[in-house]
Amino acid sequence: MPKKKARQTEFPLDRAFTFLESGPVLLISTRHKGKNNLMTLSWHAVMGFEPTLGICLGPWNFSYHALTETEECVVAVPSVDLMEKVVDIGNCSGQVMDKFSAFCLTPFPAKGISAPLVAECLYNLECRVVNCSLVQEHHFFVLRGIRAWKHPSPVDARSFHAVGDGTFIIDGELVNLRHRMTKWHGCI
Ligand SMILES: Cc1cc2nc3c(=O)[nH]c(=O)nc-3n(C[C@H](O)[C@H](O)[C@H](O)COP(=O)(O)O)c2cc1C
């Protein structure tokens, strides 16, 4: 008997982002009026090699005002050992607290912008806002990385990914298919 093909069941459209947002959960570091701040962000997209990336950051966040006014931020990739802190950082506001000190994270001076790097993170990318044309309608900022940094000796080098409603997937096995990258060797 031929195996019956499983029929797809309809998925709630307003939850579709949960199977698309595969990038790592990020911390966005800003500095405005002499104060550092951090927020958690999982909606982002790579847009070019330069590197250019887009982040979706809404006006309900205190960080939004820092980003629109300074036009710069650090995009930091936290490791799995920071996971609980990262979720908590995304559930409180920098308007009423200093998140670096509350969560025992270390602001480290960046080279090209005033927002600080997050010393404990796996990677830090100093960014400038290069396009705001989609901010009003989609809260989407296009950023250009100007300097990148890597943690020299992370406790755990795995990042983690949001899949909706407070659930996360931690990086798994690394699979090397480089020999099949005949068209894109060394590129993507
Ligand atoms: C796992 C997680 C992912 C989040 N992703 C986003 C996001 O992609 N965009 C956004 O605007 N807010 C996102 N948030 C919400 C902000 O992090 C949250 O509103 C935070 O409190 C803002 O801090 P601030 O007010 O100090 O800027 C996320 C929160 C969590 C916990």
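Helices and strands are taken here as DSSP runs, helices (H or I) of at least four residues and strands (E) of at least two, numbered from the N terminus. The structure described is a predicted model. With these assignments, the secondary structure of the protein chain comes to five helices and eleven strands. The C-alpha trace spans about 70 × 40 × 35 Å along its principal axes, and of the 188 residues in the protein chain 36% are buried. When contacts between residues at least 6 apart in sequence are considered, 60% of them join residues that are at least 24 apart. The chain exposes about 12300 Å², to which carbon and sulfur atoms contribute 57%.

In soluble globular proteins, nonpolar side chains tend to be buried together. In the present model the largest nonpolar core comprises 19 residues, and those with the most contacts inside it are I28, I55, L57, V75, F141 and L143. Two or more residues of this core are supplied by each of the strands β1 (26-32), β2 (35-41), β4 (52-56), β5 (72-77), β8 (123-134) and β9 (140-150), and by the helix α2 (62-70). A second core, separate from this one, has 16 residues, with V80, M83, I89 and A162 among them. The surroundings of F141 illustrate the packing of the larger core: with neighbours within four places in sequence left aside, F141 is in contact with L53, G54, I55, L57, Y64, L67, T68, V129, N131 and V135. Of these partners, I55 and L57 are themselves listed with F141 among the residues that have the most contacts inside the core.

The ligand is surrounded by 23 residues, of which T40, N61, S63, C92 and G94 come nearest. Polar atoms of the ligand approach both side-chain and backbone atoms of the protein. On the side-chain part, an oxygen atom of the ligand is placed 2.5 Å from an N or O atom of N61. On the backbone part, an oxygen atom of the ligand lies 2.7 Å from a polar atom of C92, while a nitrogen atom of the ligand is found 2.9 Å from a polar backbone atom of C56. The ligand taken alone exposes 650 Å², and 84% of that area is buried by the protein.

The cysteines were examined for covalent pairing. A disulfide is a covalent bond between the sulfur atoms of two cysteines. The search of the whole structure returned zero disulfides. For C73, the nearest cysteine sulfur is that of C127, at 5.1 Å, and C73 takes part in no disulfide; the pairing criterion requires two cysteine sulfur atoms within 2.5 Å. The sulfur of C121 lies 13 Å from the closest cysteine sulfur, which belongs to C73, and this distance is therefore too far for a bond. Both of these cysteines are buried, C73 having a relative accessible area of 0% and C121 one of 2%.

C121 also appears in the environment of H151, a residue of the loop between β9 and β10 (160-162). Without counting residues up to four places away in sequence, H151 touches A119, E120, C121 and L122. A polar atom of the H151 side chain is, in addition, 3.0 Å from the backbone nitrogen of S153.

Several loop positions show backbone features that merit separate mention. The peptide bond from E50 to P51 is cis, its omega being near 10°, and P51 is located in the loop between β3 (44-48) and β4. Two residues other than glycine adopt a positive phi: for H139 the value is about 55°, and for D165 phi is near 55°. H139 is placed in the loop between α5 (135-138) and β9, whereas D165 belongs to the loop between β10 and β11. With a relative accessibility of 73%, D165 counts as exposed.

The loop between β10 and β11 (168-170) also contains V163, which is partly exposed, with a relative accessible area of 28%. Although V163 and S22 are 141 residues apart along the chain, their C-alpha atoms are separated by 7.7 Å.

Key: Residues numbered from 1 in each chain as written. Predicted model: local features only at pLDDT ≥ 70, side-chain atom pairs only at ≥ 80, totals over all residues. Heavy atoms only, no water. Core = buried A, V, L, I, M, F, W, Y, C linked by side-chain atoms within 4.5 Å. Buried < 20%, exposed > 50% of the residue type's maximum accessible area, 1.4 Å probe, protein only. Contact = heavy atoms within 4.5 Å. Polar contact = N/O pair within 3.5 Å; in protein donor to acceptor, adjacent residues only side chain to side chain. Near = heavy atom within 4 Å. Areas by Shrake-Rupley, 256 points an atom, 1.4 Å probe, with all protein chains shown as cover.
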